[in-house]
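This report introduces a protein model to a reader who has not met it before. The sequence and the structure are shown first, and the description follows.

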Amino acid sequence: MPVLASIRLRLQMLQPNINTTKFRGEAPTDNPSLALLSFWQSEPIMTDPNCLFCRIIRGEIPSRRVYEDEHVFAFDDINPQAPTHVLVIPKRHFAGLKEADQSEAEVIGRCHLAAAQIARQRKIEQGYRTVLNVGPGAGQSVFHLHVHLLGGRPLSWPPG
Ligand code: 5GP
Ligand code: ZN
């Protein structure tokens with residue numbers, strides 16, 4: 001077995017909440033020390049084994065996937081509030097906007113840009129809304145940051 005694959009396997013056994021398939025970069029060598037160094041230096045995507053949306057990303061819970069790239073996953077909301085109601089989420093688990101730190105700035109932007117791309121594809125650019133519910137008082141019920149993309153109908157303001 002290649003060195004990196006064997007390290008992945010062992011790490012997966014020790015740390016099931018690390019998605020080792022998403023480690024960036026491949027080991028440049030079959031030298032075990034260099035492979036391990038490269039592995040540690042690469043950035044893991046952390047997932048939470050008990051989080052509903054992490055389980056959707058891992059395919060343990062089915063979803064209708066709309067978009068996916070290295071950092072972001074998007075899928076149809078199970079209880080749509082508009083003709084287009086897509087949830088755009090970072091692959092890396094964190095609870096929400098108030099829990100985010102500087103290191104999540106880029107992926108929060110990526111989620112919004114993915115939403116804009118989906119809106120373009122769905123031809124709802126005449127008017128759509130991206131929403132982050134922050135905290136239970138604002139209706140947040142799943143504690144893995146998600147951007148709601150809503151469109152395809154008139155959207156009133158202010159929201160309820
Ligand atoms: P929140 O209320 O936290 O802002 O948004 C959570 C969203 O997740 C809700 O709109 C809800 O309908 C959606 N949701 C909850 N469980 C599931 C699920 O199992 N699959 C999908 N696709 N959406 C879900
Ligand atoms: Zn999660």
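## Overall organisation

Among contacts in the protein between residues at least 6 apart in sequence, 55% join residues at least 24 apart. The model is a predicted one. Four helices and seven strands make up its secondary structure, and along the sequence they follow the pattern α-β-α-β-α-β-β-β-α-β-β. Of the 160 residues in the protein, 23% are buried.

## Helix 4

Helix 4 covers residues 105-122, which amounts to 18 residues. From its first C-alpha to its last it reaches 26 Å, close to the 26 Å expected at 1.5 Å a residue.

The buried residues of this helix are C111, A114, A115 and A119. Seen down the axis of helix 4, these buried residues fall within an arc of 140 degrees, so they line one face of the helix. The cover over them includes strand 3 (65-68), strand 4 (72-76), strand 5 (84-90), strand 6 (128-131) and strand 7 (147-151). On the face turned away from the buried side, helix 4 carries the exposed residues A105, E106, G109, L113, R120 and Q121.

## Strands 3, 4 and 5

Strand 3 and strand 4 run antiparallel and are joined by three bridges. The connection from strand 3 to strand 4 is a hairpin of three residues. Across this pair, E68 stands opposite F73 of strand 4.

Strand 4 also pairs with strand 5, again in the antiparallel sense, over five bridges. In that pairing, V72 has P90 of strand 5 as its bridge partner. Strand 4 is mostly covered, with four of its five residues buried.

## P90 in strand 5

P90 is found in strand 5. Is this residue P90 buried or exposed? P90 is buried, because 24 other C-beta atoms lie within 10 Å, and 20 or more are needed for a residue to count as buried.

Leaving aside residues up to four places away in sequence, P90 touches H71, V72, V107, C111 and L145. One of these, C111, is a buried residue of helix 4. P90 and F73 are 17 residues apart in sequence, and their C-alpha atoms are 6.3 Å apart in space.

## Two backbone features

Most residues other than glycine have a negative phi, and most peptide bonds are trans. Two places in the model may be read against that background.

K123 comes just after helix 4, in the loop between helix 4 and strand 6. Its phi is near 60 degrees, a positive value in a residue other than glycine. K123 is exposed, because 10 other C-beta atoms lie within 10 Å, and a residue counts as exposed at 12 or fewer.

The other place is the peptide bond that joins W157 and P158, which is cis, with omega about 0 degrees. P158 is found in the segment after strand 7.

## Surroundings of ligand 1

Which residues come nearest to ligand 1? Of the 14 residues around ligand 1, the nearest are I78, N79, N133, S141 and V142. By type, the shell around ligand 1 divides into six nonpolar, six polar and two charged residues.

Conventions. Residues numbered from 1 in each chain as written. Chains lettered and ligands numbered in written order. Predicted model: local features only at pLDDT ≥ 70, side-chain atom pairs only at ≥ 80, totals over all residues. Helix = DSSP H or I, 4+ residues; strand = E, 2+ residues; numbered from the N terminus. Expected span 1.5 Å × (residues − 1). Arc of directions from axis to C-beta. Contact = placed C-beta atoms within 7 Å. Near = placed C-beta within 6 Å. Nonpolar A, V, L, I, M, F, W, Y, C, P; charged D, E, K, R; others polar. Pairing = 2+ DSSP bridges.
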